[in-house]
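These are my notebook entries on a few helices, their contacts and one loop residue, written down as I looked each of them up.

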Amino acid sequence: MNRQNISRENYQTYVWFRHAAEAGNAYAQFNLGLMYKKGDGIERDYARAFRWLRQAALQGLAFAQNHLGALYYNGRGVQKSDAEAVYWFRHAAEQGDASAQQNLGQMYKKGRGVEQSHELALAWFYRAAEQGVASAQSLLAECYLYGRGAAVNYPLAMAWFRKAAVQGDAIAQLHLGMMYKRGLGVEASAAQAVCWFRQAAAQGNAGAQRELGLAYADGLGVRADPLRACAWLQRAGDQGDKESQYKLGTMLASGQGVERDEARALAWYQRAAEHGHMMAQYNLGSMYATGRGTGRDENKALEWYRRAAEQGAPNAQFNLGVIYATGQGVTRDEVQAAQWYRIAAEQGDPSAQNNLGVMYANGQGVPQDDHMAVFWYGQAAEQGHALAQYNLGGMYGSGRGVARDAVRQYMWMLLAADAGDQTASANKSIVARRLTPAEIGSALDLSRRWVMERGRLTQVERGV
């Protein structure tokens, strides 16, 4: 070792450790290995760290065994080996080394180097937690919170999170705040939640910064303050927290308590979208489709709608259906349109259900099938979709896919008109002229019954 690579104040320490280590002193070997591992006053050298830590570990020194396991785990100074990591963690853990006990618990939790066992993970976390290790206490609490290795037990989770939180463990503070926010194992308290979020956020925990930002945005446990909300959300967003990035985008896009800025909103949506946030991808697609905050770009709109759609966003799937049905920036393709409408429709999207009904009624992209048209119109109509209600009424009026029934035709037209469909409003009187007073009364009764079952007060219910 060249003296130039060692700071003056550490040279004598290094010399003493080196002489003692070469003489076989396990503690000196450990400390010398640690100096190389951390680059503490000397140039970091994992290979030399491994050499000295291994010698100390072979003499049974638990501290060295734990650090040696970490080198194997991370593949530093030696070829990566989970099995070797477990071997050395176990030797140290069985001697009572708390850090090794936690590390061994993590190996069982993840199933690395050993068969996964949440029960054994909990057992090792418990041994380390009993020695006061805050991170182990937090991991143990998570076992009880999520029912890993033991039955879900909120009071025990709360107790262990609290032990870790008062020691300053940011992850435990975040969890404790979430338990207060949701009322898990304790009476819900937004104020207590904010207290713990604030402590974790001050330590730089992105999740806590997000929760604190949301609390300020919604006025939960603290007076609403959109500017502070944005400040905390931005801190979390700058750390890559996609939920914070998305929330910032929505606040800036809508001017929610802050000055509306669609260009900045687009930038935050972009960051969240690139991290895989489904709704950010959808909103980004919408902004490119309409030109909000940026120039209109149909290709980028299609790209982001597709990415959101492939994650399961029904509104993005519906928009893809519209794009292919109308040929907006793509070659018109009714088959693709019907496929995307179907995917969204099967998730319950009423607009997609209505449009899929239209495709079946007209034989566009699918074989013409009045019965399927009635089915999909019905699915959307039952959700209150005005155009689907009008279309369903038309099927009853013409007897397509269903027995002709003028009373039900008028019923659905009344509901469609009440829901705001202008065509239904204009045509309902024409249909009424073809009905007897008794038939009109029956249609009104059916309409009111439909409304009452859904708890909505409408013009139909009021008899307007």
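**Entry 1: α8 against α10**

I began with the residues that bring these two helices together, and found that S138, E142, L145 and Y146 of α8 meet I171, A172, H175 and M179 of α10. I keep in mind throughout that this is a predicted model. By class, I noted five nonpolar, two polar and one charged among the residues of this contact. I then turned to the geometry, where the axes of α8 (residues 134-146) and α10 (residues 170-182) come within 10 Å and cross at roughly 30 degrees. Because angles under 35 degrees count as roughly parallel, I entered α8 as roughly parallel to α10. The crossing in which α8 passes α10 is left-handed.

**Entry 2: α14 and its surroundings**

I next looked up α14, which runs over residues 242-254, has 13 residues and reaches 18 Å from its first C-alpha to its last, close to the 18 Å expected at 1.5 Å a residue. How much of α14 is covered? I found it mostly covered, with ten of its 13 residues buried. Those buried residues are S244, Q245, Y246, K247, L248, G249, T250, M251, L252 and A253, and I note that K247 is listed among them. The elements that cover the buried residues of α14 include α12 (206-218), α13 (226-238), α15 (262-274) and α16 (278-290). Just after the helix, I recorded a positive phi of about 70 degrees at G255.

Of the covering elements, I followed up α13, which packs with α14 at an angle of about 145 degrees, the axes lying 8 Å apart. Their crossing is left-handed. On the α13 side the contact is made by P226, A229, C230, L233, Q234, A236 and G237, and on the α14 side by S244, Q245, K247, L248 and M251. I sorted the residues of this contact into seven nonpolar, four polar and one charged.

**Entry 3: α18, α19 and α20**

Further along the chain, I looked at α18 (residues 314-326) and α19 (residues 334-346), which pack at an angle of about 165 degrees with their axes 8 Å apart. Since angles over 145 degrees count as roughly antiparallel, I entered α18 as roughly antiparallel to α19. The crossing of α18 and α19 is left-handed. From α18, the contact draws on P314, Q317, F318, L320, G321, V322, Y324 and A325, and from α19 on E334, Q336, A337, W340, Y341, I343 and A344. I classed the residues of this contact as eleven nonpolar, three polar and one charged.

Both helices came up again when I asked which elements cover the buried residues of α20. The cover includes α18 and α19, together with α21 (370-381) and α22 (386-398). The buried residues in α20 are A352, Q353, N354, L356, G357, M359, Y360 and A361. With 13 residues (350-362), α20 reaches 18 Å from its first C-alpha to its last, close to the 18 Å expected at 1.5 Å a residue.

**Entry 4: N25**

Last, I checked a residue outside the helices, N25, which lies in the loop between α1 (8-22) and α2 (26-38). Is N25 buried, exposed or partly exposed? I entered N25 as partly exposed because its relative accessible area is 33%. Leaving out residues up to four places away in sequence, N25 touches A20 and Q59. I also noted the pair N25 and Q55, which are 30 residues apart in sequence and 9.5 Å apart in space, C-alpha to C-alpha.

Note on methods. Residues numbered from 1 in each chain as written. Predicted model: local features only at pLDDT ≥ 70, side-chain atom pairs only at ≥ 80, totals over all residues. Heavy atoms only, no water. Helix = DSSP H or I, 4+ residues; strand = E, 2+ residues; numbered from the N terminus. Expected span 1.5 Å × (residues − 1). Buried < 20%, exposed > 50% of the residue type's maximum accessible area, 1.4 Å probe, protein only. Contact = heavy atoms within 4.5 Å. Axes fitted to C-alpha atoms, helices over the stretch in contact; angles between N-to-C directions. Parallel < 35°, antiparallel > 145°, perpendicular 65-115°, else oblique. Left-handed = near helix turned anticlockwise from the far one by under 90°. Nonpolar A, V, L, I, M, F, W, Y, C, P; charged D, E, K, R; others polar.
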